[in-house]
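Got your viewer open and a selection box ready? Let's take a walk through this model, one stop at a time.

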Amino acid sequence: MTQRWMLRRVLLLLVSAAGTASGKIGSGSVTLRLLAAPQKTVGFVSVSESHYDHTHHTHHHHEETPEPHLAVANHTTKVFLGAAATLDCTVHDLTNESVSWMRQDDDTLTLLTWDNHTYVADDRYQLVAEDGEGWRRWRLVISEVEGRDAGHYRCQVATTPPLVLDAALTVIEPRARVVEERGGSVVEEKHYNSGSMIELQCIIDRVPFPPRQVTWRRGTTILAFNTSRGGISVKTDAAGGTVATRLYVTNSSPKDSGIYSCWYHNYTSASITVHVIAGENSAGLHHDALPDTSSSARPIIQSPLSAYLWLLPCLTTCLNTFITTCLAPTVS
């Protein structure tokens with residue numbers, strides 16, 4: 001088989017694909033993309049009867065030659081971000097017709113594979129060819145799936161008219177958000193007094209089980225129990241396609257202020273700005289208001305003794321006023 005003959009076969013196949021996609025040849029509504037030479041070539045692997053699913057195989061008992069036909073109809077494949085996607089195109093009763101995989105982006109068809117040749121330069125794309133008694137399978141495998149891989153793919157058999165299998169690939173991407181410890185509402189900023197404990201919670205959903213690694217960072221520094229600062233702990237739980245992770249930083253100081261983020265692998269992240277205010281040791285402040293630092297601000301009451309000492313000047317003033325205004329006339 002010469003290269004010129006191979007390219008002619010590919011060109012005829014693409015022209016046929018364009019006619020199928022646009023409804024008529026030469027309409028100019030479909031753009032064809034073809035690389036100059038195949039990137040990889042694979043051979044067929046024979047599969048024994050014990051590994052073949054006969055539920056999709058229709059046996060023909062007529063004397064006439066059976067027509068090539070696809071095993072399944074159009075379908076949609078869903079895969080998590082970073083996993084491997086497999087798109088199968090199984091053809092029964094095939095003689096010498098060519099089979100190709102293409103990707104369709106709007107009105108553009110890009111040739112990915114043709115027979116056992118791979119034309120896409122992306123190493124994540126691989127063609128696995130198998131055959132058995134009366135059938136052949138062209139499996140398109142995409143490893144480490146990215147968001148840009150989502151879309152419509154087409155398997156086409158160069159019959160007249162061509163057999164077409166449309167396969168839609170959906171990529172499920174994780175979603176991360178930093179939320180309040182109580183209530184679960186999204187929060188973007190929190191304030192703490194110096195000496196208090198920083199507590200942050202992050203929820204990540206749309207993930208497989210088991211999930212990939214989850215980390216906390218302050219700026220570009222990964223936070224863990226063995227971080228040089230010390231006093232840091234992380235608790236992570238995963239269930240039902242959701243990961244809940246909590247970060248605890250004890251005895252905070254203004255040096256702990258900054259942008260904190262939780263990362264799901266290197267796919268997605270959510271961040272929050274933390275402010276640590278120098279001052280009294282107290283619990284975390286409300287995230288949407290800074291503490292009142294003016295001289296008229298009320299002190300934080302931490303014990304009954306401090307409450308008594310704070311109220312004593314007020315009680316003394318009230319008692320003096322009562323004696324002056326109420327008791328003085330009676331005494332005179």
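Select Arg 206 to begin, in the loop between strand 16 and strand 17. This is a predicted model, and its backbone does something worth a look here: Arg 206 has a positive phi of about 60°, although it is not a glycine. Turn on the surface and you will find Arg 206 partly exposed, with a relative accessible area of 44%.

Stay in this loop, which runs between strand 16 (198-205) and strand 17 (214-218), and move along to Pro 210. Is the peptide bond from Phe 209 to Pro 210 cis or trans? Check omega: the value is near 0°, so the bond is cis by the definition of that angle's reading here. There is another one to visit. Select Thr 160 and Pro 161: the peptide bond from the threonine to the proline is cis, with omega near -5°. Pro 161 sits in the loop between strand 12 (151-157) and strand 13 (163-172).

**Into the five-stranded sheet**

Now colour strands 15, 22, 21, 17 and 18, in that order: they make up an open sheet of five strands with mixed pairing. Which strands stand at the edges? They are strand 15 (189-193) and strand 18 (221-223); each has a single partner strand, so one side of each is left without a neighbour in the sheet. Look along the sheet and you can follow a twist that averages 30° from one strand to the next.

Zoom in on strand 21 (residues 258-264) and strand 22 (residues 268-277), which run antiparallel and are joined by seven bridges. To see one of the partnerships, pick Tyr 260 in your viewer and look across to Ile 272, its bridge partner in strand 22.

**Rings and a charge**

Show side chains for Tyr 264 and Tyr 267. The structure holds one aromatic pair, and these two tyrosines form it: the arrangement is tilted, with 6.3 Å centre to centre and 50° between the planes. Are the two rings' residues buried or partly exposed? Tyr 264 counts as buried at 3% relative accessibility, whereas Tyr 267 is partly exposed, with a relative accessible area of 23%.

Next, add Trp 263 and Arg 217 to the selection. The charged end of Arg 217 sits over the ring of Trp 263, 4.6 Å from the ring centre.

**Two hairpins that share a strand**

For the last stretch, go to strand 8 (residues 108-114). How many of its seven residues are buried? Six are, which leaves strand 8 mostly covered.

On one side of the tour, select strand 7 (residues 99-105), which runs antiparallel to strand 8 and is joined to it by six bridges. Asp 105 stands opposite Thr 108 in strand 8. The hairpin of strand 7 and strand 8 has two residues between the strands, and Asp 106 takes a positive phi near 55° there. Like your starting point, Asp 106 is not a glycine. Asp 106 is exposed, with a relative accessible area of 71%.

Then follow strand 8 onward to strand 9 (residues 117-118): the two pair in the antiparallel sense over two bridges. Highlight Trp 114 and His 117 to see one of these matches, with His 117 as the bridge partner in strand 9. The hairpin of strand 8 and strand 9 has two residues between the strands, and here Asp 115 takes a positive phi near 55°.

Terms used: Residues are numbered from 1 along each chain as its sequence is written. This is a predicted model: local features need pLDDT of at least 70, side-chain atom pairs count only at pLDDT 80 or more; totals for chains, interfaces and linings use all residues. Side-chain values use heavy atoms; hydrogens and water are left out. Two strands pair if DSSP finds at least two bridges between them. Helices (H or I, at least four residues) and strands (E, at least two) are DSSP runs, numbered from the N terminus. Axes are lines fitted to C-alpha atoms, for helices over the stretch in contact, and angles run from 0 to 180 degrees between N-to-C directions. Buried means under 20% relative accessible area, exposed over 50%, partly exposed in between (1.4 Å probe, protein chains only). Rings of Phe, Tyr and Trp (its six-membered ring) pair if their centres lie within 6.5 Å; planes under 30 degrees apart count as stacked, over 60 as edge-to-face and the rest as tilted. A charge sits over a ring if NZ of Lys or CZ of Arg is within 6 Å of the ring centre and within 35 degrees of the ring normal.
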